[in-house]
Every structure is written in C-alpha cells, then in structure tokens.
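Q: Please take a close look at one part of this model for me. I would like to follow the strands, and the helix that packs on them, step by step.

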Amino acid sequence: MTVTGAPPVTAWSRLDRRSIWVEAVRPAAGLLLAGAVAVTFRGWDRVGWVEPAIGAVVVVGILALSGWAWATTTYRVTDTHVELRSGLLVRQERSVPRDRLRSVDLTVDVVHRLAGLAVVAIGTGRQGGESDDDVKLQAVSTAEAERLRSVLLARGPARTDEPGAGSVEEAPTAPMAAFSASWVRLAPLSLLGLVAVGVVAAALAQFADAIDYGQLWRSGPVRSAVEWVRGVGVPLVVLAVLLGLVLLNTVLSTVLYVVLYGGFRLVRGDDRTLRLTYGLLTQRSVTIEEARIRGVRVDEPLLLRLGGGARARIVAAGVGAAGADGKERRDSDLLLPAVPAGLAHRVTADVLGVPDSPAAVPLRRHPRAALRVLLVRWVPASALPALGLAVPAGLGVFAHWPWQLALLLVPVAVAGALLEFANLGHALSGPFLVARGGAAVRSTAVVRRDGIIAWRVRRSVFQRRPRLLSVTAAVAAGKGDRTIAWAGQDEVLALAVDAVPGLLAPFVEPDPH
C-alpha cells in the first residue's frame, strides 16, 4: 500500500507505543531459550532460583529502558529535513536534508508483524563514525512506515492530503521479477546451510560448561555411533561424513533460501523508484530512487554458475553501506537473490534502461602475462604450510603425512590462478564500464561512465616487467569502486581515458618504451 498526496509532517511525533514491549520480547525470548538449553543439559535439579530471578530482573530492566527510550525519542519531517531527537542520558539531535535521502528500508520481523509495526531505516549514503547520518525509527506503525516511505522519496510537487486521513491504492504494477519455485533448485548450490550449522555450533559451544560429557558419552545414540565407526573403515566414515554434510547443506540451504527470499518481488514504482519486498518470517521492503543507481553487479559463485544461476547487486549511493553501528546491513544492496542467469541479465538490462545486459557483452581478455603474475601470487603462499610441516617432520618431530597432505593446496592454488585469469575481462559498452574478475566468485560490475569520479592506478613489483596495471574506477555509490585487475598497461590506460574524457588524460604521458 502506498499513500500519495500526503504533505510533510511538521509536528514532532513519537514512535509507536507498542514498541516498548516489542523491543523487550526478543531479549526475553533469548533468555527463555538459554534457560531451556541449560535445563536440557543440566536438569531441573541443578537449576536454582537465582537464574530465573536474574532473568526476570533483566526483562523488567529492558522494559524500563524501552519505555524510557520511547519517551525520549521524537521525529518529524519538514519540507527540507528529517529530524530525530533521541538519547537516554546523552541527548542527540539529528537533522538530515531530504535531498540527500537515497533509500528507505522497511523491516518487519515476526514480532513486529504481530504488533503491526515496522522498523524504518532511512539511508543517505554517508557512513563512518560520527559522520554517519542515517536515520532509524524503531518502530512505527506499518501505515506510518508506508506514509513515510512515500513522502521521503518524493521529489515532485508537495502532496496534499492529511497524514493518516486516507490512502489511495496504486494500480497493480507488473513485477520486474517475482519469486518462482524454479529458483529454489539453485539454493543447494550455495554454502548457506553449512554457515548456519557453524553459527548454531558456535552458539551451542557457549553452553559447553553445562554439558555432562560422561553422561553424554554413555548415552545410547553416541555409543551406537562409536560402535558403527569402529566396525567400518576410515574411507567409508569419511565418505559418510561428506555425504551427510552435502545432505545437510542441501536441506538447510533450501529452507533458508525460502525463508529469506520467499515472496520476493521487484517492481518499478510510478515515482521512478525500485521497490524490493522479500522474506517469509522477517519481511523486508527496500525502496531505492532510480536516479541514484550507478550500476549493477552480477555475482556468479562457481557452483551457482555451473548450475546456470547468478545473483545481482545494486551499485547506488545509500545501499551496501555500513549502518550506525559500523556493520553492513545484510543484503542492503540486493537486487536479485540466486536466480537463473538469464533472468539476472534481463533485470540488469531493465534496471539500467538498455535493451541488452552490459554484463553479458563479450569482454576483452587480459594478456597471458597476467597468468604468470597470478601464479606467483597464489602458488608460493599455498606451499608454505607444507614447507612449515616438512621441516619438523624431517627432524623427527612430526609424521610425514601432514606435509604431504598439505601439498594438495598447491594444485588447488594453481586451479585458483587459472580460474581467476579466465574470469578477467573489461569493456566499454555504450555509457557503461564493464569490469570482471574474481576466482571462486566471478563478479561482473557494470557502472555508468558518468558516475566515475576518479581513477586509481596501482602496479606491484611483479607487474612492472610484464607492463601490467590494476586500475580502479572510483564511483560515488557505497561500495561502487570497480577494479580492472592485471590488465595490459597501454590498453587499460587508453580505456580509462576514453571512458571519462578529460579526467585521466592530463596525467597520461607517452611511454618511451
């Protein structure tokens, strides 16, 4: 739902009152979960009254702090600025010009959805320490969140109806991309499931002291597993573990993909904005002004590429940037999750306003001298572990099989160098600069040439003799800098001069060699 015709609010407003208890629900749930794990491993008889009492005090304290934060936080939207006043002990007043707003991100998790609330993050593109001026409202009603999104990204004439007095439903817009069951087949081609297992294992490790290892060792399932391992050979155990990891990753990656990106929709609004909505449990809705988009990056991890898939990211000011806590918001620059590559290129072309995707044009290959430099970069480092283990093995401290096993890293490094060399490429495609690179993840960046504000030229000692250069195009758009790595010196400099006339040419002199 989008509200149109609403004038900016000039009176100070508070966050929704329901945010007081909503903010306390998650810490309380975490305490309950920790208590349940402790009871599971330690039993009721080893849990006294102290732990529950501490938990109750913590919950009451969080409620009190939430209420205090609600009482001291106010915001307003004027004709020219967004202003926020907050702070419990130290008062902060933040005023951001509206013409610097780049994106509006609405996040609704399960608790917020039950309460009818949404968190509003207003991105400006600036980041870093005290200069960070992003604004976050945690939390307001969903109707207020939608109204703010419509008002804050409006660049046209002032709107006319009163806030909250009514709303006008937009005509249904055909999506540029919408979630399809066929996308799910690409989910197992990521390592998302194994990452989730690692996170869960790290969380459970926090309760290691509460585990009775003697009792666990004597339990039936553990004894049965030990007896089975002793009855079969090591190769079969290794194979079983690998198959188990593959199966676990397949199941968890699929579940997480559906949970994270279920219901995905990418639509173009009438106000020249792109709106992404996705997520089953935590629903996220991101609105980006198209005028701020400087390009698109298409990422193809090796397994995903072999399966015919790709991901796409937006290169734009205000996305892909760190938040006030210094951490980058997950998927803040997402354009498409793992989808068929054909769809990724079609959407890329649509977003950039061209008939065909520049990310799919033929690229100019880099000289073979780049492969030699990459081998020098990859192979010696991969041989160091084997060398470090071989020395004590020769002195009789270690067995010989560890360094022999470590030698397997060398062919892996050679394969990595070959793969990275095969992925290198660059081109000028109309108004766009195209740069491709990466080893395990092939990344093709397409940025507008008129968005390039500077060039950075770098050459290592290994690049001097073969006359190679790495040239970075600096783009004023979050993580927009793109590097053309290991390219021929004369060729890449000529490309940089042609890409942005007048920017680099005054500093380029004829090479006497």
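A: What follows is a walk through the two sheets, the helix on them, a helix pair and some backbone details.

Keep in mind that this is a predicted model. Start with the general idea. Strands of a sheet pair through backbone hydrogen bonds, either parallel or antiparallel.

Take the four-stranded sheet. This sheet is open, and its strands come in the order S1-S2-S3-S4. The pairing is antiparallel. Which strands stand at the edges? They are S1 (13–14) and S4 (92–97). Each has a single partner strand, so one side of each is left without a neighbour in the sheet.

Now look inside that sheet. S2 covers residues 74–77 and S3 covers residues 81–86. These two strands run antiparallel and are joined by four bridges. Arg76 stands opposite Glu83 in S3. Helix H4 (residues 142–152) packs on this sheet and touches S2 and S3. The direction of H4 makes about 40° with that of S2.

Move on to S3 and S4. Six bridges join them, and they run antiparallel. Ser86 has Gln92 in S4 as its bridge partner. S3 and S4 form a hairpin, with five residues between them. In the turn sits Gly87, with a positive phi of about 120°.

Next comes the seven-stranded sheet. It is open too, with the order S7-S6-S5-S11-S10-S9-S8 and antiparallel pairing. Its edge strands are S7 (135–141) and S8 (177–178), and each pairs on one side only.

Within this sheet, find S5 (residues 103–108) and S6 (residues 117–123). They run antiparallel, with five bridges joining them. Leu106 has Val120 in S6 as its bridge partner. H4 packs on this sheet as well, touching S5, S6, S7, S10 (273–278) and S11 (283–289). The direction of H4 makes about 140° with that of S7.

Stay with S7 for a backbone detail. Ala139 has its place in this strand. The peptide bond from Gln138 to Ala139 is cis, with omega near 10°. A second detail is at Arg467. This residue is not a glycine, yet its phi is positive, about 60°. Arg467 lies in the loop between helix H14 (461–464) and strand S19 (468–475). For background, most residues other than glycine have a negative phi, and most peptide bonds are trans.

Now compare a helix pair. Find H11 (residues 369–394) and H13 (residues 409–423). Their axes come within 8 Å and cross at roughly 155°. Why are they called roughly antiparallel? Angles over 145 degrees count as roughly antiparallel, so H11 and H13 are therefore roughly antiparallel to each other. The crossing is right-handed. Residues making the contact include Leu374, Trp378 and Pro385 of H11, and Val410, Ala417 and Phe421 of H13. By class, the contact has 15 nonpolar, two polar and two charged residues.

Finish with the record. An unreviewed UniProt entry carries the annotation "transmembrane region" for several stretches, among them 53–71 and 374–395. Residues 53–71 are 100% helix and 0% strand in the model, and the end C-alpha atoms lie 27 Å apart. Residues 374–395 are 95% helix and 0% strand, with end C-alpha atoms 33 Å apart.

How values were computed
Residues are numbered from 1 along each chain as its sequence is written. This is a predicted model: local features need pLDDT of at least 70, side-chain atom pairs count only at pLDDT 80 or more; totals for chains, interfaces and linings use all residues. Side-chain values use heavy atoms; hydrogens and water are left out. Axes are lines fitted to C-alpha atoms, for helices over the stretch in contact, and angles run from 0 to 180 degrees between N-to-C directions. Angles under 35 degrees count as roughly parallel, over 145 as roughly antiparallel, 65 to 115 as roughly perpendicular and the rest as oblique. A crossing is left-handed if the near helix is turned anticlockwise from the far one by less than a right angle, and right-handed if clockwise. Contact means heavy atoms within 4.5 Å. Ala, Val, Leu, Ile, Met, Phe, Trp, Tyr, Cys and Pro count as nonpolar, Asp, Glu, Lys and Arg as charged, and the others, Gly among them, as polar. UniProt positions are given in the numbering used here, feature names are shortened, and annotations may be inferred rather than shown by experiment. Two strands pair if DSSP finds at least two bridges between them.
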